[in-house]
Structure formats: structure tokens, C-alpha cells
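Hello,

Here is the structure we talked about. Please open it first, then read the notes below.

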Amino acid sequence: MYRITAVCLGNICRSPMAEAVLRSRIDAAGLSQPVLVDSAGTDGWHIDEDADPRALTTLRSAGYDLTHAGRQITTEWFLEPGRPDLLLTMDASNYTTVIDLAPDDPSRGRVHMLRSFDPSLAGLTPGDPRLDVPDPWYGAHDGFVEVLAMIEAAADGLVARLPTMLDA
Ligand code: 4NP
């Protein structure tokens with residue numbers, strides 16, 4: 001079982017949306033081994049809460065389904081059996097936080113910016129603002145629609161590369 005964990009700040013907007021899109025794309029791809037997709041926040045404000053209603057509306061209008069309860073990532077996540085093989089952070093701040101939680105070099109090597117898998121952004125490195133999925137929490141519904149498009153482009157790029165990654 002290969003495990004992918006999407007990570008944002010609150011685990012109610014961006015990373016649950018990434019979880020729903022990635023799961024849908026991966027299911028459709030029919031890969032050679034099972035891939036588990038989940039999500040987490042770097043903060044614990046929304047533990048056990050459902051996703052933001054704006055995220056759910058945006059997902060459902062685009063045909064995605066999601067059942068959600070917020071969780072917070074900790075260093076223990078890197079140490080437990082069944083730990084994530086790939087952690088996909090939404091912005092540079094989430095990236096730095098997760099890198100700092102990771103206990104060793106192999107763990108840090110599993111952490112990537114989600115949008116680094118978007119082929120149109122190839123070659124950009126973490127910290128480049130063009131790799132950020134901006135936080136839609138304070139904005140209007142439009143922001144969620146833009147976030148969904150960014151996530152879909154990155155998910156397509158990732159799913160194209162996953163067969164090679166699963167064989168590695
Ligand atoms: P997310 O968005 O990181 O995409 O889930 C946020 C959700 C909640 C808050 C901030 C960002 N908050 O301040 O509660």
C-alpha cells in the first residue's frame with residue numbers, strides 16, 4: 001500500500017480538496033498497487049471538523065465526493081507503520097512546517113509541494129510563490145474554484161508519474 005497525505009494549514013479547505021481530487025484521479029487510473037490518499041493540517045484548530053462548506057460545495061459541483069474529519073500532522077506520523085510515502089504540501093509555509101516535523105532525511109525526502117507535479121510549473125523549487133496553492137479561507141467562493149483548478153492540474157501530473165514512483 002502506497003500512502004499519499006495532502007497537507008495544508010487547517011485541513012478543512014485545500015488539503016481535503018486535494019484528497020478528494022487525488023483519490024478520484026487515482027481510482028480512475030487503475031494503478032498496479034493500492035494507493036491510500038488522506039489529508040492533514042499543520043495546526044489543530046479544526047480537528048474532527050467537516051471540511052469548509054465552500055470547499056464541499058466546490059467539490060460537489062465538480063463531481064467529487066468527500067467524507068472528512070480534520071486531523072493534525074505530527075512527527076509521529078513519520079514513525080508509525082503505514083506512514084505516508086508522499087506528503088504534498090499546499091504552500092511554502094506548510095512545506096517548512098512539515099519539513100521541520102520530519103525526523104530524518106528519508107522523511108524529509110517524502111515531502112513535496114503539490115504543485116511541483118503540475119507539468120507547467122516543472123523546475124520550480126519549494127519557496128517559489130508560484131508553487132503555492134493560495135489559502136482560500138478568507139476569500140470568496142471564486143477562490144475555491146481557482147484552488148480546485150490548481151489541484152486538478154497537479155493531480156493529473158502526479159497520476160502520470162505515479163506508475164514510475166510506485167515501481168521505484
Ligand atoms: P486550509 O485553510 O489550510 O486550506 O484548510 C484554512 C482553514 C482555516 C484557517 C486557516 C486556513 N483558520 O484560520 O482557521
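**What surrounds the ligand**

By class, the shell around the ligand holds seven nonpolar, three polar and two charged residues. Keep in mind that this model is predicted.

Which residues make up that shell? They are C8, L9, G10, N11, I12, C13, R14, W45, H46, D135, W137 and Y138.

**Polar contacts**

Now look at the oxygen atoms of the ligand. A polar side-chain atom of R14 is 2.8 Å from one ligand oxygen. C13 uses its backbone instead: an N or O atom there lies 2.9 Å from an oxygen atom of the ligand. N11 also takes part through its backbone, with a polar atom 3.3 Å from a ligand oxygen.

How much of the ligand does the protein bury? On its own, the ligand exposes 350 Å². The protein buries 93% of that.

**The pocket**

Where does the ligand sit? It is in the largest pocket. That pocket has a volume of about 160 Å³.

Its lining is made of C8, L9, G10, N11, I12, C13, R14, W45, H46, D135, W137 and Y138. By class, the lining of the largest pocket splits into seven nonpolar, three polar and two charged residues.

When you go through the model, start with R14 and its side-chain contact to the ligand. Then find the backbone contacts of C13 and N11.

Best wishes

Conventions. Residues numbered from 1 in each chain as written. Predicted model: local features only at pLDDT ≥ 70, side-chain atom pairs only at ≥ 80, totals over all residues. Heavy atoms only, no water. Near = heavy atom within 4 Å. Polar contact = N/O pair within 3.5 Å; in protein donor to acceptor, adjacent residues only side chain to side chain. Areas by Shrake-Rupley, 256 points an atom, 1.4 Å probe, with all protein chains shown as cover. 1 Å grid on protein atoms, 1.4 Å probe; cavity = no way out; pocket = protein on both sides within 12 Å on 5 of 7 lines; lining within 4 Å. Sits in = over half its atoms within 2 Å of the grid points. Nonpolar A, V, L, I, M, F, W, Y, C, P; charged D, E, K, R; others polar. Points joined across faces, edges and corners; volume = space filled by probe spheres on them.
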